[in-house]
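Biologist: Please take me through the reasoning behind the labels attached to this structure.

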Amino acid sequence: MLHLNNPALLKQACYINGQWQDAAEKIAVTNPATGEIIGHIPKMGTSETAQAIAAAKLAMPAWQKKTAKERSAILRRWFELMLANQEDLAQILSAEQGKPLAEARGETAYGASFIEWFAEEAKRVYGDVIAAPQADKRLLVIKQAIGVVAAITPWNFPNAMITRKAGPALAAGCAMVLKPATQTPFSALALAVLAAEAGIPAGVFNVITGTASQIGGELTRNPDVAKLSFTGSTDIGKLLMRECADTVKKVSLELGGNAPFVVFDDADLDAAVEGAMISKFRNAGQTCVCANRIYVQDSVYDAFAAKLSAAVAKLKVGVGTAEGVTQGPLIDDKAVQKVEEHIKDALEQGATLALGGKRHALGHSFFEPTVLLNVSAKMKVAREETFGPLAPLFRFSSEAELIQLANDTEFGLASYFYSRDIGRIWRVAEALEYGMVGINTGMISNELAPFGGVKQSGLGREGSKYGIDDYIAIKYLCMGGIDR
Ligand SMILES: O=CCCC(=O)O
């Protein structure tokens, strides 16, 4: 049972054109830690999605015509309301997603930071004047909102993955239709309550819940949507990209990863353990930038393994809202099965278990934080993203071997390494084929930095001064007859 200071934040309806709408059919949303039903959401589909897109199309011109300063002030109010309601947003988030309350509070602040950042960036969308090749011409570039944006967001960060898209989209002057993950819709709907309170006009920010295939199908098919921004799996990202091809939508994709976390022999081992704990066990291992493969150089392998196992043994598994809990449940049983599959495969092929390895005594989708030793490249865990609390330790001998192993994947989102040697730091940072490299840190995410991947981990960047570019169309103005 949720006890909120403002119970109106728990909305069980969709937000379309500034109205709260229900549907005859509903979907129950459960707490993954307890199995209890938190509430119900409308099961909407194609026609309601088309209605939301039409509302966004109608609302966008007036929103775009506002000055950047006016849009900025409204976004700033949204940010302030998010902070004022941080505790309630965190309670909702923890209940539907399972992450510990401290992490949920952190995510709501992280989510709000994108709205604050892009409220400021709204005022810094500059054009260009280009030196003309003829004396009677002047060439200019102006930047305009790309059009109606569709956003599809995941369950692992039910707040921040929305604001990281809505912030730049609305700052640029776009209107948005959002489809949040079915497992975690209440964070999105609470953000819509606050958007209305902040003065975001009807139709500019719409939230629709229901059947993913129908809603996604309409978002990708409808010619009035100019852009799709998606965070989720590589397989679904590829499907959406294909669907967007028919109407040539601009796509931003933040997809899967297979992050290497590397400990060189000159690393500060205690710092590396601290970084590995943050990178690996944040949100029970369910983030796209979580360390997936931990590579440790021969001479420090045993020492690092002992220190990491000792730190992992201290994690406290439990319901996110309980005192002192540092690891919540996984999102569902399918997620647990994937972790089990990776452990079984690794053990069958010669890995050994240092810690954990099975479902937690608490039941539901709780899983023991796990450390595997002597893991090798032939095992599933080397190729697929586990998305769970499993730390597999691989050995390596040389820098050259490490670079080959770390880059041997179709993914290229985040990577991490620990070294104190300045030459090595530059060599390795430049050689890693990833969009993001954490050097002597396990935590790289913030609103000021460009978040995104290369290879099959995605397209585009979110956050930072680059994040707004994905929501902007460049228009070239060629003015002739200047000398007449
Ligand atoms: O899982 C994806 C996002 C995680 C983050 O922003 O750090």
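**Domains, ligand and charged pairs**

Modeller: In this predicted model, the centres of domain 1 and domain 2, taken over C-alpha atoms, are separated by 31 Å. The domain assignment gives domain 1 as 7-255 + 457-476 and domain 2 as 260-439.

Biologist: How do you know that domain 1 and domain 2 are in contact, and how many residues does each contribute?

Modeller: Contact requires heavy atoms within 4.5 Å. By that criterion domain 1 gives 23 residues and domain 2 gives 25 residues. The area buried between domain 1 and domain 2 is about 1,800 Å², with 58% coming from carbon and sulfur atoms. Of the area that domain 1 buries against domain 2, Ala33, Trp155 and Ser457 supply 27%, more than any other three residues.

Biologist: What makes a link between domain 1 and domain 2 a polar contact, and how many residue pairs are there?

Modeller: The N or O atoms of a pair must lie within 3.5 Å, one able to donate a hydrogen and the other to accept it. Between domain 1 and domain 2, 8 residue pairs are in polar contact, both at pLDDT 80 or more. The count of salt bridges between the two domains is 0.

Biologist: Which helices supply at least two residues each to the side of domain 1 that touches domain 2?

Modeller: They are helix H3 (86-97) and helix H4 (101-121). H3 provides the largest share of that side, 4 residues. By class, the side has 8 nonpolar, 10 polar and 5 charged residues.

Biologist: Why is the pair Arg164 and Glu254 called a salt bridge?

Modeller: The limit is 4 Å between a side-chain nitrogen of Lys or Arg and a carboxyl oxygen of Asp or Glu. The N to O distance for Arg164 and Glu254 is 3.1 Å, and therefore the pair qualifies. Arg164 lies in helix H5 (residues 160-172) and Glu254 in strand E11 (residues 250-254), 90 residues apart. By this rule the count comes to 28 salt bridges.

Biologist: What makes Tyr110, Asn156 and Ser445 polar contacts of the ligand?

Modeller: A polar side-chain atom of Tyr110 is 2.7 Å from a ligand oxygen atom, and one of Asn156 is 3.0 Å from a ligand oxygen atom. For Ser445, a side-chain N or O atom is 2.5 Å from an oxygen atom of the ligand. Each value is within 3.5 Å, so the term applies. The residues around the ligand also include Arg164 and Glu254.

Terms used
Residues are numbered from 1 along each chain as its sequence is written. This is a predicted model: local features need pLDDT of at least 70, side-chain atom pairs count only at pLDDT 80 or more; totals for chains, interfaces and linings use all residues. Side-chain values use heavy atoms; hydrogens and water are left out. Domain bounds come from an automatic or database domain assignment. Buried area is the accessible area (1.4 Å probe) that two parts lose on being put together, summed over both. Ala, Val, Leu, Ile, Met, Phe, Trp, Tyr, Cys and Pro count as nonpolar, Asp, Glu, Lys and Arg as charged, and the others, Gly among them, as polar. A residue is near a molecule or strand if one of its heavy atoms lies within 4 Å of it.
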